[in-house]
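Thank you for asking me to look this structure over with you. Please keep the sequence and the three-dimensional view open while you read, and find each residue as it is named.

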Amino acid sequence: MSKEHWKNKIQIVDDFESDTASLSVNSMGVYFKFIEENKVIVYFKPLNEVFDTTIFNSNHGVLLNFERELIDEDDIEYALDVMFLFNKYPELEIKDAKEVVLLRQIINLIKDEFYSELASYIMLKTLLKVLLLHLIRSQKDDFLKQDLHQKRVFQFLELMEANFLNETNPHFYAEEIGMSTKRLNQILKEKLNLTAKQIIQQRQITEAKRRLIKSEISTKELAFDLGFSSMSSFSRFFKQYVGVSPSGFKKQH
């Protein structure tokens with residue numbers, strides 16, 4: 001993937017005094033505020049939300065924005081862990097000197113790769129995963145305790161991954177899990193701040209982008225593969241979320 005295209009998927013801003021625009025409503029953000037040598041506060045911005053601008057009162061920070069598809073392309077448990085981290089912890093304070101040094105090292109590796117003339121999308125995505133897994137591990141004592149609701153979220157995401165090409169109605173997933181659609185949406189909103197329909201639609205968009213970039217599939221074929229009744233309804237759906245038509249997106253990539 002060319003640098004011109006992946007720069008629309010990840011953004012790094014450092015040494016600034018105020019918030020900067022996110023990549024899109026489908027992007028996530030994490031801001032590292034280094035207070036001193038052995039202390040950092042990490043702020044998380046989930047999907048469809050914005051940072052509290054009061055956190056940007058220092059120019060000693062690094063802001064990292066990235067599109068959701070960078071985590072959706074990996075295994076489902078990792079994607080859920082990231083979504084849960086961002087929605088459960090608006091901020092995280094790390095005081096252990098070794099942990100802070102390690103975070104700085106990982107962030108510097110990401111920055112070096114991002115600004116390199118030979119920068120690689122795969123390398124950036126891998127380094128981002130290392131960073132996020134490190135943050136997840138920092139909260140392992142609380143984070144990895146799975147309650148029943150979290151297990152339901154795992155069930156839903158696993159079912160969706162296996163069936164979203166054929167089943168886009170939330171009722172199907174609720175019935176498979178053994179609860180009402182209303183209750184499923186309540187749990188998903190609590191854990192991920194999204195409804196079942198929103199999660200399914202975001203997965204459809206990610207899959208559509210992947211296929212448009214990596215194959216010679218036509219818009220008509222893609223529409224029917226993703227369960228749409230017509231090419232026009234799929235094109236409207238895609239443009240609503242991405243801002244351009246499927247054919248326009250394919251030309252850009």
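The numbered points below go from the whole chain to particular helices, rings and residues.

1. Please bear in mind throughout that this is a predicted model. The chain has 253 residues, of which 47% count as buried, and its secondary structure comes to 13 helices and five strands. Among the contacts in the chain with a separation of 6 or more, 69% are between residues 24 or more positions apart.

2. Helix H7, which spans residues 148-163, is a good place to begin, and its packing against helix H10 (residues 196-214) can be described by an angle of about 40° and a distance of 11 Å between the two axes. Because angles from 0 to 180 degrees that are neither roughly parallel (under 35), roughly perpendicular (65 to 115) nor roughly antiparallel (over 145) count as oblique, H7 is oblique to H10. The crossing in which H7 passes H10 is right-handed.

3. Which residues of H7 and H10 meet? On the H7 side they are Phe 156, Leu 157, Met 160 and Glu 161, and on the H10 side they are Ala 196, Ile 199, Ile 200 and Arg 203. Sorted by character, the residues of this contact of H7 with H10 comprise six nonpolar and two charged, with no polar ones.

4. H7 also packs with helix H3 (residues 76-88), where the axes come within 10 Å and cross at roughly 135°. H3 and H7 are therefore oblique to each other, and H3 passes H7 in a right-handed crossing. From H3 the contact draws on Ile 76, Glu 77, Leu 80, Asp 81 and Phe 84, while H7 contributes Gln 150, Val 153, Phe 154, Leu 157, Glu 158 and Glu 161. The residues of the contact of H3 with H7 divide into six nonpolar, one polar and four charged. You may like to find Leu 157 and Glu 161 in the view, since they are listed in the contact with H10 and also in the contact with H3.

5. Turning to aromatic rings, the structure holds 11 aromatic pairs. In one of them, the rings of Phe 234 and Phe 238 have their centres 5.9 Å apart and their planes at 50°, so this pair is tilted. Phe 234 and Phe 238 are four residues apart in helix H12 (residues 231-242), which means that about one helical turn separates them. Both Phe 234 and Phe 238 are buried, and they belong to one aromatic cluster together with Phe 228, Phe 237, Tyr 241 and Phe 249.

6. Val 242 is also found in helix H12. Is Val 242 buried, exposed or partly exposed? Its relative accessible area is 25%, so Val 242 is partly exposed. Leaving aside residues up to four places away in sequence, Val 242 touches Ile 205, Lys 209 and Phe 249. Although Val 242 and Ile 205 are 37 residues apart in sequence, their C-alpha atoms are 8.1 Å apart in space.

7. Finally, please look at Ala 119, which is found in the loop between helix H4 (97-115) and helix H5 (121-138). Ala 119 counts as buried because its relative accessibility is 15%, where the cut-off for buried is under 20%. Along the chain, Ala 119 and Trp 6 are 113 residues apart, and their C-alpha atoms are separated by 10.0 Å.

Technical notes: Residues numbered from 1 in each chain as written. Predicted model: local features only at pLDDT ≥ 70, side-chain atom pairs only at ≥ 80, totals over all residues. Heavy atoms only, no water. Axes fitted to C-alpha atoms, helices over the stretch in contact; angles between N-to-C directions. Helix = DSSP H or I, 4+ residues; strand = E, 2+ residues; numbered from the N terminus. Left-handed = near helix turned anticlockwise from the far one by under 90°. Contact = heavy atoms within 4.5 Å. Nonpolar A, V, L, I, M, F, W, Y, C, P; charged D, E, K, R; others polar. Phe/Tyr/Trp six-rings, centres within 6.5 Å; stacked < 30°, edge-to-face > 60°. Buried < 20%, exposed > 50% of the residue type's maximum accessible area, 1.4 Å probe, protein only.
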